[in-house]
Amino acid sequence: SLFFTGNAGTGKTTTMKELITRLTTHRRGKVFVTASTGAAAVLCSGITLHSFAGIGLGKETAERLIMKLSKTARKRWGQCSTLVIDEISMIDATLLDKIDAVGRSARGDYSKPFGGVQVIVSGDFMQLPPVKATRFAFEADVWPTAFGSNQFCLTRVFRQRDQSFVSLLNELRVGRASEATCATLKATEARGLTAVNGIEPTKLFARNVDVDAVNKRKLQ
């Protein structure tokens, strides 16, 4: 099993697609591609992790989820050789431990993480945090056992070629903007937000109420 991460533009999606292609070609058993949300699942041509695991919303205890697990879900766990999870950052620690417990029970192997299934996870913990949760997935009890030293960070940015812009983005990603970065951002204020060829620049807001206000005004 392995986990890999990286900031925007480092090729996480490309790497994941290549891994899926190779695993599907060379591995015995089935490769199930999942993601933390429906939208993310569509993008990776998979299904939600909840759907694969057969846990519904996953709010009940691990013991209760195991008791309610359907025959179809148990069969799916039994057929699975590799479980791919994209956007792992949106899965909280408690849920990941529940899925681990369900996998061990469904496969009848309590000695290995997820019942012996190879698990490949990807995501950026600095982009999308879990919804209404207090612990990240890497804080789950199963995390160090499942992934150990097989954790990688992609660092080369392919999406942007301007290294000064890449450095600016990297600083903002970790919340440590240098004086040079602040000066660069301040300099953009003079450009304004006027439309170019009828296309208005996208506006970003920190609060939904501000987004809704602009959208409502434009719609009216």
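## A walk through the fold, with a stop at helix 6

Take the contacts in the protein between residues at least 6 apart in sequence: 71% of them join residues at least 24 apart. Keep in mind as you look around that this is a predicted model. The protein has 10 helices and six strands, and its C-alpha atoms fill a box of roughly 65 × 40 × 30 Å along the principal axes. Of the 220 residues, 35% are buried. The protein exposes about 13900 Å², with carbon and sulfur atoms supplying 54% of that area. As for charge, there are 31 positive and 19 negative charges, and the mean positions of the two sets sit 8 Å apart.

Now find helix 6, which runs over residues 93-107. From its first C-alpha to its last, this 15-residue helix reaches 21 Å, close to the 21 Å expected at 1.5 Å a residue. How many of its residues are buried? The count is 12 of the 15, so helix 6 is largely enclosed by the rest of the structure. The buried set isn't just greasy side chains: Leu-95, Leu-96, Ile-99 and Val-102 are in it, but so are Asp-97, Lys-98, Asp-100 and Arg-104, among others. A bit of helix geometry is handy here: an α-helix has 3.6 residues a turn, so residues three or four places apart point the same way. And what does the covering? Helix 3 (49-53), helix 4 (62-68), helix 5 (71-79) and helix 7 (143-147) are included in what lies over the buried residues of helix 6.

Both ends of helix 6 are worth a look. At the start, Asp-92 has a side-chain oxygen that reaches to within 3.1 Å of the backbone nitrogen of Thr-94. Just after the helix, Gly-108 takes a positive phi of about 70 degrees.

Step back along the chain and you get to Ser-89, in the loop between strand 4 (80-86) and helix 6. Is Ser-89 buried or exposed? Its relative accessibility is 0%, so Ser-89 counts as buried. The Ser-89 side chain reaches two backbone oxygens: that of Leu-128 at 2.5 Å and that of Asp-124 at 3.5 Å. Setting aside residues up to four places away in sequence, Ser-89 also touches Phe-125, Pro-129, Pro-130 and Phe-136, along with Asp-124 and Leu-128 themselves.

A little further back, Asp-86 is found in strand 4. Asp-86 has 17% relative accessibility and therefore counts as buried, the cut-off being under 20%. Beyond its neighbours within four places in sequence, Asp-86 is in contact with Met-16, Thr-34, Ala-35, Ser-36, Cys-44 and Ser-122. For a sense of distance, the C-alpha atoms of Asp-86 and Gly-116 are separated by 19 Å, with their positions 30 residues apart along the chain.

Finally, go to Asn-7, in the loop between strand 1 (2-6) and helix 1 (12-26). Asn-7 counts as buried because its relative accessibility is 11%. Which side chain does the side chain of Asn-7 make a polar contact with? That would be the side chain of Asn-170, at 2.5 Å. Not counting residues up to four places away, Asn-7 touches Lys-12, Asp-124, Leu-154, Val-157, Asn-170 and Arg-173. Asp-124 should ring a bell: Ser-89 touches Asp-124, and Asn-7 does too.

How values were computed:
Residues numbered from 1 in each chain as written. Predicted model: local features only at pLDDT ≥ 70, side-chain atom pairs only at ≥ 80, totals over all residues. Heavy atoms only, no water. Helix = DSSP H or I, 4+ residues; strand = E, 2+ residues; numbered from the N terminus. Expected span 1.5 Å × (residues − 1). Buried < 20%, exposed > 50% of the residue type's maximum accessible area, 1.4 Å probe, protein only. Contact = heavy atoms within 4.5 Å. Polar contact = N/O pair within 3.5 Å; in protein donor to acceptor, adjacent residues only side chain to side chain. Areas by Shrake-Rupley, 256 points an atom, 1.4 Å probe, with all protein chains shown as cover. Lys, Arg positive; Asp, Glu negative; His and termini not counted. Charge placed at Lys NZ, Arg CZ, Asp CG, Glu CD.
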